[in-house]
Each structure stands twice: as C-alpha cells, then as structure tokens.
Amino acid sequence: ETWFQALDLITKQPRIELEVIVAASFASPLLRFTGKYGVLLAARSETGKNKSTAIDVGNAVWGNPKRIKGTNVSSLKAMMNQSAKTQNLPLYWDDVKNKKMMNDVCDYADTQSEGVQGQKMTSKQTEAETGEWESLLIVGSNESVTDAILKRTSTNAASLVRVFEFDVRDPKDTDSGRISDAVADPLKHSLQYNYGQMGAVYAQWLGSDPEGIQKIVSAYHQQFIDAVKMQHEERYWASLCAILYAGAWCANKIGANFHLDQIWTFLVEL
C-alpha cells in the first residue's frame with residue numbers, strides 16, 4: 001500500500017516520462033525475452049525535476065531505494081558487480097553530473113550489452129568467477145549521455161544504439177497532481193521501510209506463467225517494430241520500448257495505475 005501511494009506521486013502528474021522511469025523497474029526482468037543482454041535508459045534534466053523521486057519509486061519495487069541505487073560516490077566496478085549479483089533486476093544510477101561519473105556511465109554503456117563481466121584472475125592465479133546479467137541500467141543525469149559518448153569518439157555507434165535517452169520536462173506549479181514537499185517527502189522516506197513487496201508479488205506473477213509473459217512481450221515487441229518502422233540499427237531501442245510498455249502493462253495487472261496509452265504514444269514519438 002505504501003508503494004502504491006508513492007506511485008501516485010508520479011502517475012497523478014501529467015509527466016509521462018516519470019512513469020517510464022518507474023516502469024523500467026518492471027521492464028528489466030522482461031529483457032531476456034527480447035534476446036538482448038543489456039540496454040541503457042537515460043533520463044536527462046536539470047536537478048529538481050523529480051527524476052530522483054521516480055528512481056526511488058522504481059527502486060522500491062525490489063529493495064531499499066536509499067541503499068541500492070548508484071549515486072555520485074558509486075564506482076563503475078561496484079555498479080557492474082551489483083548488476084552481476086541481481087542479474088535480471090534493474091540498476092538505477094542517479095545524479096550523474098560530473099565528468100568522472102559520465103565517463104563511468106559511458107564505459108558501462110560500452111560493455112553492458114555483452115551481459116558479462118570481463119574475465120579476471122584471482123590472487124592465486126586462478127580464474128575468478130565471471131558475473132553476468134540480462135537487465136536495464138537506468139541513468140538519471142543532468143547532461144546528455146549520448147553527447148558524452150560522441151565526445152569520446154564520433155565513431156562509437158555500437159554504444160550509441162544501446163542508449164535510449166529522453167528529456168524530463170520541467171513541472172509547472174499549475175500542473176495537476178503536484179503536492180507540497182511537506183506531504184511528498186515523508187511518503188518518499190517511508191519507502192526505506194516499506195520496500196520489496198511489490199517486487200515479490202510481481203516475481204510470483206511472472207513465475208506463474210513465463211511462457212504466457214513471453215508471448216505478451218513478443219507481441220508488443222512486434223507491434224512496436226511495426227509502429228516505428230524500425231531500422232536495423234534501432235533494434236535495441238525497439239526492444240527497450242517494447243518491454244517498458246509491457247512492464248507497465250504487467251504492473252497494472254497487479255494493481256499499478258500506469259497510463260498505458262500515453263506511455264505508448266510517448267515512446268513511439270521519441
């Protein structure tokens with residue numbers, strides 16, 4: 001119930017891009033049905049546009065949003081290790097706003113789609129266990145991830161096609177669903193003590209009919225490909241958009257209130 005109340009902070013606003021950030025938490029376990037190992041979703045805006053709120057609500061589906069999200073003191077190796085441990089669950093990296101962090105994100109984008117950590121040796125000269133994943137990395141940043149990749153090299157098309165980026169628009173005081181910080185902040189804080197329950201329900205629901213879920217993802221995948229007349233280089237973006245919509249659809253089946261038609265339109269028009 002606490003998570004549903006927190007979701008209302010997002011869905012009662014007319015800012016569908018925030019819903020997409022939350023929906024990514026439900027989308028990540030579905031990525032394996034597309035045959036892709038990793039895609040990066042980047043949400044860009046100046047500080048104070050509610051990206052962090054959406055990231056916390058998304059994180060609280062599976063764990064404590066304070067402890068499990070990447071921050072400005074998180075290292076690249078730590079983030080990759082977390083992906084390897086959780087495998088199919090989303091990884092959120094918030095508040096990316098300096099050159100070092102952006103370089104780390106770009107490095108992650110270079111390797112994420114491989115779905116596996118690099119091979120290494122232990123101190124005893126034996127091969128260390130190699131972690132793997134099939135999941136999404138969701139980045140909340142002040143600057144463009146795609147611009148940062150282009151600045152590193154203008155020929156790095158392999159990384160660019162694996163990054164799907166959009167802007168989070170500024171809220172207006174007159175927007176519906178806007179509430180005061182005095183109400184919103186305590187509710188967001190409560191997610192640190194009420195978390196993981198939605199993920200438990202979702203995991204049980206997915207596990208009850210994996211073949212049926214795969215058919216749903218495949219159907220939306222094809223519908224999205226047809227809707228945007230996908231080119232080959234857009235295949236990662238199409239897979240991501242399909243599971244973002246499918247994740248929101250699945251979440252609504254267990255009580256969420258995502259605006260599905262608006263999410264579809266938003267993703268197609270991007």
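Two aromatic rings of Phe, Tyr or Trp, the last represented by its six-membered ring, are counted as a pair if their centres lie within 6.5 Å, and a pair whose planes are over 60 degrees apart is classed as edge-to-face. By this criterion the structure, which is a predicted model, holds 11 aromatic pairs. One of them joins W3 and F26, whose ring centres are 5.7 Å apart and whose planes stand at 75 degrees, so the pair is edge-to-face. W3 belongs to helix 1 (residues 2–11) and F26 to helix 2 (residues 16–27), so the contact between the rings ties together parts that are 23 residues apart in sequence. Both partners are buried: the relative accessible area is 7% for W3 and 0% for F26. W3 and F26 also take part in one aromatic cluster, which is formed with F4, W62, Y202 and F258. A further ring, that of Y236, has the charged end of K36 sitting over it, at 5.7 Å from the ring centre.

The environment of helix 1 extends this picture. In addition to W3, the residues A6, L7, L9, I10 and T11 of helix 1 are buried. The elements that cover the buried residues of helix 1 include helix 2, helix 3, helix 9 (181–190) and helix 10.

The strands were examined next. An open sheet is formed by 4 strands in the order 2-3-1-4, with parallel pairing. The edges are occupied by strand 2 (91–96) and strand 4 (163–167); each has a single partner strand, so one side of each is left without a neighbour in the sheet. From one strand to the next, the twist averages 15 degrees. Strands of a sheet pair through backbone hydrogen bonds, in either a parallel or an antiparallel arrangement. Here, strand 1 (residues 38–44) and strand 3 (residues 135–141) pair in the parallel sense over 7 bridges. Within this pairing, A42 has V139 of strand 3 as its bridge partner, and L41 has I138 of strand 3. Strand 2 and strand 3 are likewise paired in the parallel sense, over 4 bridges, and the bridge partner of L91 in strand 3 is L137.

Strand 3 was also considered with respect to burial. Of its 7 residues, 7 are buried, so strand 3 is largely enclosed by the rest of the structure. In a regular strand, side chains alternate between the two faces of the sheet. In strand 3, S135, L137, V139 and S141 point one way, whereas L136, I138 and G140 point the other way, and all are buried.

Two helices are placed against these strands. Helix 3 (residues 51–59) packs on the sheet and touches strand 1, strand 2 and strand 3, with a direction that makes about 160 degrees with that of strand 2. Helix 5 (residues 76–86) lies across strand 2 and strand 3 and runs at about 155 degrees to strand 2. The loop between strand 1 and helix 3 contains K49. With a relative accessible area of 15%, K49 falls under the 20% limit and is therefore buried. When residues up to four places away in sequence are not counted, K49 touches R15, L18, V168, D170 and P171.

A second buried loop residue is I254, situated between helix 12 (235–253) and helix 13 (260–269). The relative accessible area of I254 is 16%. Apart from neighbours within four places in sequence, I254 is in contact with F4, M198, V201, Y202 and W205; of these, F4 and Y202 are also members of the aromatic cluster described above. I254 and W205 are 49 residues apart in sequence, and their C-alpha atoms are 8.2 Å apart in space.

The packing of helix 10 (residues 197–208) against helix 12 involves an angle of about 100 degrees, with the axes 10 Å apart. This angle makes helix 10 roughly perpendicular to helix 12. At their contact, M198, Y202 and W205 of helix 10 meet G247, W249, C250, A251 and K253 of helix 12. M198, Y202 and W205 thus appear in the contacts between the two helices and also in the contacts of I254.

Definitions and conventions
Residues numbered from 1 in each chain as written. Predicted model: local features only at pLDDT ≥ 70, side-chain atom pairs only at ≥ 80, totals over all residues. Heavy atoms only, no water. Phe/Tyr/Trp six-rings, centres within 6.5 Å; stacked < 30°, edge-to-face > 60°. Buried < 20%, exposed > 50% of the residue type's maximum accessible area, 1.4 Å probe, protein only. Lys NZ or Arg CZ within 6 Å of the ring centre and 35° of its normal. Pairing = 2+ DSSP bridges. Axes fitted to C-alpha atoms, helices over the stretch in contact; angles between N-to-C directions. Contact = heavy atoms within 4.5 Å. Parallel < 35°, antiparallel > 145°, perpendicular 65-115°, else oblique.
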